[in-house]
Amino acid sequence: MPEAFEDLAEDWHYGRVTAVQAGKMLGISRSTFTGRAVERGTDNRYVQR
């Protein structure tokens with residue numbers, strides 16, 4: 001994953017960016033971004049509730 005992923009996942013979690021925006025910034029699809037963000041959310045930091 002690109003370096004900026006963690007920061008964007010946190011921004012997404014807190015509603016500062018949409019998954020579409022984050023995906024575009026990283027050059028990946030929205031579904032790939034959200035899937036990876038949820039996978040990495042094992043500590044519940046990035047899982048949207």
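When I say contact in what follows, I mean heavy atoms within 4.5 Å of each other, and when I call a residue buried, I mean that its relative accessible area is under 20%. With that in place, let me turn to the chain itself, which is a predicted model.

The overall picture comes first. The chain has three helices and zero strands, and read from the N terminus, the order of its elements is α-α-α. Of the 49 residues in the chain, 29% are buried, while the chain exposes about 3300 Å², with carbon and sulfur atoms supplying 45% of that area. If we take the contacts with a separation of 6 or more, residues 24 or more positions apart account for 49% of them.

Let me start with helix H3, residues 30-39. Here Phe 33, Thr 34 and Ala 37 are buried, and because these buried residues fall within an arc of 90° when one looks down the axis of H3, they line one face of the helix. The general background is that an α-helix has 3.6 residues a turn, so residues three or four places apart point the same way. As for what lies against that face, the buried residues of H3 pack against both H1 and helix H2, the latter being residues 19-26.

Helix H1, residues 5-13, can be described in a similar order. Its buried residues include Phe 5 and Leu 8, along with Ala 9 and Trp 12, and they cover an arc of only 105° around the axis, which puts them on the same side of H1. These buried residues pack against H2 and H3. Just after H1, Gly 15 takes a positive phi of about 80°.

That brings me to how H1 and H3 meet. Their axes are 10 Å apart, and the two helices pack at an angle of about 90°, which makes H1 roughly perpendicular to H3. On the H1 side, the contact is made by Phe 5, Leu 8, Ala 9 and Trp 12, and on the H3 side by Phe 33, Thr 34, Arg 36, Ala 37 and Val 38. Sorted by class, the residues in this contact are seven nonpolar, one polar and one charged.

To bring the two helices together: Phe 5, Leu 8, Ala 9 and Trp 12, which are the buried residues of H1, also take part in the contact with H3, and Phe 33, Thr 34 and Ala 37, buried in H3, take part in that contact as well.

Technical notes: Residues are numbered from 1 along each chain as its sequence is written. This is a predicted model: local features need pLDDT of at least 70, side-chain atom pairs count only at pLDDT 80 or more; totals for chains, interfaces and linings use all residues. Side-chain values use heavy atoms; hydrogens and water are left out. Helices (H or I, at least four residues) and strands (E, at least two) are DSSP runs, numbered from the N terminus. Buried means under 20% relative accessible area, exposed over 50%, partly exposed in between (1.4 Å probe, protein chains only). Accessible areas come from the Shrake-Rupley method with a 1.4 Å probe; for residues, only the protein chains shown count as cover. Axes are lines fitted to C-alpha atoms, for helices over the stretch in contact, and angles run from 0 to 180 degrees between N-to-C directions. Angles under 35 degrees count as roughly parallel, over 145 as roughly antiparallel, 65 to 115 as roughly perpendicular and the rest as oblique. Ala, Val, Leu, Ile, Met, Phe, Trp, Tyr, Cys and Pro count as nonpolar, Asp, Glu, Lys and Arg as charged, and the others, Gly among them, as polar. The arc is that of the directions from the helix axis to the C-beta atoms.
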